[in-house]
Amino acid sequence: MLNGLGRGYQTYLLYGITGSGKTEVYMRAVSAALDSGHQALVLVPELALISQTEKLFRARFGDCIALLHSGLSQGERFDQWMRIVRNEAKVAIGARSAIFAPFDRLGLIIVDEEHDASYKQDNKLRYNARDLAVVRARFQGSLALLGSATPSVQSYHNVQAKKYEGLNLWKRIEDRDLPEVTLVDLRETKGPRRVKPFITDVLKEAIAQTLGRGEQVLLFLNRRGFANFPACTRCGEPVRCKNCDVTMTLHQGANAFRCHYCGYSCARTVGCRVCGNPKIKLLGLGTERVEAKVKSIFPEASVARMDRDTTIRKGALLKTLRDLREGTIDILVGTQMVAKGHHYPNITLVGIICADLSLNFPDFRAGERTFQLLAQVAGRAGRGKRPGRVILQTFNPEHFCILTAKDQDYTAFYEHEIGFRRDLRYPPYARLVQILIAGKDKDQTARYAQALGEICRTLRSENKTYQKEIELLGPVAAPLARLKKQYRWQLLLKGLNVGPLHAFARAIKARADRETWKAGVKVIVDVDPMDML
Ligand SMILES: [Zn+2]
Ligand SMILES: [Zn+2]
């Protein structure tokens, strides 16, 4: 690959299992780029990973590094840009917006954890930094290097289709073993009074052994708060958000119910809105509850939690990471935040409390997301000198996503998943455009969605190309039928070719823009949506 530097455009996909030393490959590539008189850009999915990457790069390349991310002030950001313009900084490390860094002799663009959804910006200017990296590389005749232990189906497909070149790292560094994974079938566990324990006996024992050896434990559950399904003890009505069509989550620390979609919060004492009964039972599970339970089972252990609630203060996340490294934390409980590329050398046990939370999402990428999340979390175990172990608790032990994640077998996952995408004509076998219709009035929004659907069908029937190229689905109420006081409907356009699809979407958007004022409804067009809710 390094021979290709300065010889024109090419995109590489580096598939390296967790702990295989992708960062070392990145640094050698950057080194080669600098040696040949080029500049290099390194994108990481989020702020917390920048400092880890920066430290390694500074040790190797010294001061010629610029940092670009949303945590900088306007002035700091300007200084970093000017250092790049003056060619004092030859390497930039940053989050998605760094893709616009003003390099003029860019030889290499690295996108680490290329599968990560946070590369897509969904407000104001809509773009996906990973896709832009490939476009920019082509434009400037440079190399793009996308890396992941769990590549997106899209990128891996591009390797199969010979658009990208594939590079593989099959082994962990120093030949360390992948962690041994034990599946626990949650359907078969029983507890007192028919309440299923979420810390099963197998997991409890493994935690005790790990703590006994003076090693660290990571417990993963992809949901924050204490209980996500509070419901009336008399009539069974769940506590719902007044702005959204979702149940609220009880946050024990804040002593309040909170909506995770709009942020609305109300006192814990509200009681049932339907029958007035003050008693609410706390069904469902979140990281707060896991933390409380673990503390009661292992009172001697020092337990910390890492999720959006505990890391809201500036510096809190970095402090937790430091405490982990220094060994003052025995058990860390966390959401997907813990899965993102962090290196925890002393964690030898990973417990996945419930692997199924994202499996049944109404989104064609639900399987891909679940596999990526589980394989990434499992990969956090045994990254130091001692071997790792993973306990994976699930209600779906036969599901292919669970089984392939257990074996960290990306190729098997891909082969299964790509068949499903082909059969149902989902990306990468088709492109999607989502048209979202949102408005405050329920009936008006529904009527407008129907009318826009009619306009789409007419436009399609009047044009031979559209008839052949475009499939039209909907309008239907969106899976999240109400969000932030807005009722939501969606139309989905599917097509094999981008040209007619975009032309059609533009025509509809122009038509909608002319008419939306009448209905008080807004229409949002999202090309290649990452999120189908
Ligand atoms: Zn009630
Ligand atoms: Zn809400």
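A polar contact is a pair of N or O atoms within 3.5 Å; within protein, one must be able to donate a hydrogen and the other to accept it. I note at the outset that the model is predicted.

**Entry 1. Arginine 305**

With that cut-off in mind I looked up the side chain of arginine 305, and I found a polar contact with the side chain of glutamate 291 at 2.7 Å. I placed arginine 305 in strand E17, which spans residues 303-306. I then asked whether arginine 305 is buried or exposed. Its relative accessibility is 15%, so I recorded arginine 305 as buried. Leaving aside residues up to four places away in sequence, I listed the residues that arginine 305 touches as Thr287, Glu288, Glu291, Thr310, Leu332 and Val333. Glu291 thus appears both in this list and as the polar partner of arginine 305.

**Entry 2. Aspartate 185**

I turned next to aspartate 185, which lies in strand E10 (residues 180-185). Its side chain is joined to that of arginine 187 by a polar contact of 2.8 Å. I entered aspartate 185 as buried because its relative accessible area is 16%, and the cut-off for that class is under 20%. Not counting residues up to four places away in sequence, aspartate 185 touches Thr394 and Pro397.

**Entry 3. The zinc ion (ligand 1)**

Which residues coordinate the zinc ion (ligand 1)? I read Cys232, Cys235, Cys272 and Cys275, each through SG, at 2.3 to 2.4 Å. Along the chain these donors follow the spacing C-x2-C-x36-C-x2-C. The four donor atoms subtend angles of 103 to 118° around the zinc ion (ligand 1), and I therefore recorded the arrangement as tetrahedral. For reference, the ideal angle for four tetrahedral donors is 109.5 degrees.

I also checked the accessibility of two of these donors. Cysteine 232 is buried, at a relative accessible area of 0%, whereas cysteine 235 counts as partly exposed at 40% relative accessibility.

**Entry 4. The zinc ion (ligand 2)**

For the zinc ion (ligand 2) I found the protein donors to be SG atoms of Cys241, Cys244, Cys259 and Cys262, at 2.2 to 2.4 Å. The spacing of these donor residues in sequence is C-x2-C-x14-C-x2-C. Why is the arrangement around the zinc ion (ligand 2) tetrahedral? The angles subtended by its four donor atoms run from 102 to 114°, and the class requires that all angles lie between 85 and 135 degrees.

Two donors of this site were checked for burial. Cysteine 241 is buried, with a relative accessible area of 6%, and cysteine 244 is buried as well, with 3%.

**Entry 5. Aromatic pairs**

I counted 13 aromatic pairs. One of them joins phenylalanine 57 and phenylalanine 61, with 5.7 Å from centre to centre and 35° between the planes, a tilted geometry. Both phenylalanine 57 and phenylalanine 61 belong to helix H2 (residues 47-61), where they stand four residues apart, about one turn of the helix. I noted that phenylalanine 57 and phenylalanine 61 are both buried.

Another pair consists of tyrosine 156 and tyrosine 410, which meet edge-to-face at 4.9 Å centre to centre with 70° between the planes. This pair links distant parts of the chain, since tyrosine 156 lies in helix H5 (residues 153-160) and tyrosine 410 in helix H11 (residues 410-424), 254 residues apart. Tyrosine 156 is buried at 11% relative accessible area, and tyrosine 410 is buried at 1%.

I followed the ring pairs further and found that they link Tyr15, Tyr156, Phe371, Phe400, Tyr410, Phe413 and Tyr414 into a cluster. I also looked up a charge over a ring: lysine 494 lies over the face of tyrosine 426, at 4.2 Å from the ring centre.

**Entry 6. Helix H5**

As tyrosine 156 lies in helix H5, I examined that helix. Six of the eight residues of H5 are buried, so I described H5 as largely enclosed by the rest of the structure. The buried residues are Val153, Ser155, Tyr156, His157, Asn158 and Val159.

Against which elements do the buried residues of H5 pack? I listed strand E1 (10-16), helix H4 (129-140), strand E8 (143-148), strand E9 (165-169), helix H9 (366-378) and H11. Just after H5, I found lysine 162 with a positive phi of about 65°.

Notes:
Residues are numbered from 1 along each chain as its sequence is written. Chains are lettered from A and ligands numbered from 1 in the order in which they are written. This is a predicted model: local features need pLDDT of at least 70, side-chain atom pairs count only at pLDDT 80 or more; totals for chains, interfaces and linings use all residues. Side-chain values use heavy atoms; hydrogens and water are left out. Rings of Phe, Tyr and Trp (its six-membered ring) pair if their centres lie within 6.5 Å; planes under 30 degrees apart count as stacked, over 60 as edge-to-face and the rest as tilted. Helices (H or I, at least four residues) and strands (E, at least two) are DSSP runs, numbered from the N terminus. Buried means under 20% relative accessible area, exposed over 50%, partly exposed in between (1.4 Å probe, protein chains only). A charge sits over a ring if NZ of Lys or CZ of Arg is within 6 Å of the ring centre and within 35 degrees of the ring normal. Contact means heavy atoms within 4.5 Å. Donors are N, O and S atoms within 2.8 Å of the metal (3.2 Å for Na, K and Ca); water is not among the atoms, so sites may look incomplete. Four donors count as tetrahedral if all angles lie between 85 and 135 degrees; four count as square planar and six as octahedral if opposite donors are over 155 degrees apart and all others between 65 and 115; anything else is irregular.
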